[in-house]
Amino acid sequence: MATTTRGLVTLPALREVPIISLDLADTPILRIKTDEDVDLWKHTRGYQDYGLFLRRLAESVVGYELPYNDPEPDQSVTRVIELLDKLNVWIDEIPPLPTPQRFGNLAFRTWGKRLETECDSLLHDLLPPSLHASIPLISPYLLTSFGSFTRMDYGTGHETSFALFLLCLTLLRYLSPEPRVERQVVLCLYVRYLRLCWRLQDVYKLEPAGSHGVWGLDDYCFLSYIFGSAQLRDQAEIPVSAVLHHPLPSTNLYFMSIMRILEVKSGPFHEHSSQLYSIATGVQHWTKVHSGLFKMYEAEVLGKRVVVQHIPLGGLLEWDVKQHRSPSSLTSFQSAIPPVAATAAPWASSTAHGACTPSPASFVVPSRMPSASFTSGFAPTHHSIGSRGRGHRLSPVGPIGPARAPLGPTASTVLHPKMRTGPGVIRMQPPLSPSSSHGHTDTPTEGGEHELEEPPSSAPSESG
C-alpha cells in the first residue's frame, strides 16, 4: 500500500490489572437482562477499557497490508494462535453429522462440549504459572467466542466475546499493549480467529445470530470491517468504491470480509449487502468509513440487549454499577473524554439507489442515562485523503443511528410499495398475487428468538 500519510492519534495507555488485586470469587456471569442494564454497562470501567483497546488495535494497523509477517513475532501472540490451531484440528476430528437441517449441524454441540471440557486445560497450557489463578475469570470469554452450542448460531456478540478475551489477556499483561504487538494481534491472531470461525460456520452450518438480513452490515462479524477500514484509512490510492469491483485482493480485512460474503451469498451485491453498498457509493473517504463503523458498532452491537445479554461480565471486566452513576462519577478514562454531540453515520444521508435523505437528527440514538461514548474525545488529527490530497479533519465520534436505515431499493421494497396512513404507521398495499406477498421478515434475534419486522420504509426509523 504505497503513498500513505499517517495521522498520529494520541491514545491513553491501557491500564494494567495486577492479579493480586483481583477478586477471584467475582467470576464473569450473565448480568445484562434489560435495556437499563445495557446503559449501566456503559458506565463501567471494563466498557471503557474495551473501547480504548479497540481504538489502540485499529490505530496499530493503519497503513499495513495482509499478509503481515513481523520479523520478531511476539511469543504470546504465537501461543494464542497455536491454541486456535488446536481448535481447528478438532473440526477434523468431529466431522458433521449427515442431518437434513439447513442450519445447525448437531456435531457442533459435540465440538462445543469438548471446548467446555478442555477450556481450563487449554488456558493452563497457554498462561504462565503466575497467571493460572486468573483462569476462572478468563475462560467464560473464550467459551462464548465461537458461537452458541445450544442454538448452534454465531454472531457479533460471540466475536465481541473473543475481543474481550484478548482484552483480559492484555489487562493481565500476557499480551503487551504496544503497537508492534497490537499489530500482530489484529493482522495475525484476529485473522486466524476469523478463518477458524468461517470454517466452523461452513462445516457445522451455523445460523447467523440476530441477523438483520439485508439491512445489517454482515450476518456474522463486524470488527473485521473496523480493522480493515483502519488499514485503508490514511492512503489515497484505493477509493471506497473499489469494493464494488470484484474480485478483491486479500490485502486487508475489509476486502477479505466482502469476498467472504460473495462466497456465501448469491444475487446482486446491492440487494444482499445494501449497507456495504451504500457505504461504497455514498462515502468518499476511508476516514469517514472508519469513524462511522466505530459508531455503528457501539450502537448496533454493544448497544443492543439481544446481543450483549449473552456476554459474561465480572472479574477483570468488573460490574461496578452498584449505584446510579452521573458523568462526574465516571472513571478517569471516561472523565478524560469531553462530551460530544451524537452524530449520524457518515453514510446515513446517502442518496444512492434512490434512497431518501433523512435529517441527521432522525438517526440519533436516545440514551436513558448520561454516558460517555467510548468512541469519542480522542484528539482530532489531519489526514491527507483522496486523490486530490484534500486535508480532512477527523472529528470526535459518538453514537450512531439504526443500521437498518433506508439505503436503497431491493426486491422486497421495489415489488411492494407502501403508503403511510398516519404518523409511524405503515400499511402494505394489497399484493398483486399471493406469490408476491413478502410483507414481513421473520428474523432470529441474538437470543435465539424470532421477532416480526416491518420492511424499512421511506421514513427514518428510531428502532434497532
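Here are some exercises, each with a worked solution, on the structure shown above.

The model is predicted, so local features are taken only at pLDDT of at least 70 and side-chain atom pairs only at pLDDT 80 or more, while totals for chains, interfaces and linings use all residues. Residues are numbered from 1 along each chain as its sequence is written, and side-chain values use heavy atoms, with hydrogens and water left out.

**Exercise 1. The whole chain**

Find how many helices and strands the chain has, and what share of its residues count as buried.

Solution.
- Step 1: Start with the elements, which are DSSP runs numbered from the N terminus: helices are H or I with at least four residues, strands are E with at least two. The chain has 15 helices and 10 strands.
- Step 2: Turn to burial, where buried means under 20% relative accessible area, exposed over 50%, and partly exposed in between (1.4 Å probe, protein chains only). Of the 464 residues, 55% count as buried.
- Step 3: Look at contacts, meaning heavy atoms within 4.5 Å. Among contacts in the chain with a separation of 6 or more, 79% come from residues 24 or more positions apart.

**Exercise 2. The core**

Work out how many residues the largest nonpolar core has, and which of them have the most contacts inside it.

Solution.
- Step 1: Recall the rule: a nonpolar core is a set of buried Ala, Val, Leu, Ile, Met, Phe, Trp, Tyr and Cys residues joined through side-chain atoms within 4.5 Å. In soluble globular proteins, nonpolar side chains tend to be buried together.
- Step 2: The largest core here has 117 residues, and those with the most contacts inside it are Y50, L87, W111, F146, F165, F227 and Y254. Helix α7 gives the most to this core, with 14 residues.
- Step 3: Zoom in on Y254. Leaving aside neighbours within four places in sequence, Y254 is in contact with several residues, including Y225, L232, L276, W286 and L293.

**Exercise 3. A bent helix**

Locate the bend in helix α4 and say what covers the buried residues of α4.

Solution.
- Step 1: The bend at a residue is the angle between axes fitted to the seven residues ending there and the seven starting there. Helix α4 spans residues 107-126 and bends by about 55 degrees at E118.
- Step 2: List the buried residues of α4: A107, F108, W111, G112, L115, C119, L122, L123 and L126.
- Step 3: Their cover includes α3, α5, α6 (156-171) and α7.

**Exercise 4. Unusual backbone**

Find which peptide bonds to P67 and P247 are cis, and say whether M152 is buried or exposed.

Solution.
- Step 1: Most residues other than glycine have a negative phi, and most peptide bonds are trans.
- Step 2: L66 and P67 are joined by a cis peptide bond, with omega about -5 degrees; P67 sits in the loop between α2 (45-60) and α3 (75-93).
- Step 3: Another cis bond runs from H246 to P247, with omega near 0 degrees. P247 belongs to the loop between α8 (223-232) and α9 (253-264).
- Step 4: M152 has a positive phi near 55 degrees and lies in the loop between α5 (135-143) and β2 (153-154). With 8% relative accessibility, M152 is buried.
- Step 5: K205 also has a positive phi, about 50 degrees, although it is not a glycine. K205 is partly exposed, at 43% relative accessibility.

**Exercise 5. Charged pairs**

Trace the partners of E318, D35 and R192 in salt bridges.

Solution.
- Step 1: A salt bridge is a side-chain nitrogen of Lys or Arg within 4 Å of a carboxyl oxygen of Asp or Glu. By this rule there are 16 salt bridges.
- Step 2: E318 pairs with R15, their closest N and O atoms being 3.7 Å apart. The two are 303 residues apart: E318 is in the loop between β4 (312-313) and α14 (332-335), and R15 in the segment before β1. R15, R45, D49 and E318 are linked in a network of salt bridges.
- Step 3: D35 meets R305 at 3.5 Å, N to O. D35 lies in helix α1 and R305 in helix α13, so this pair ties together parts that are 270 residues apart in sequence.
- Step 4: R192 pairs with D85 at 2.7 Å between the closest N and O atoms, linking helix α7 with helix α3. R192 is buried at 18% relative accessible area, whereas D85 is partly exposed at 31%.
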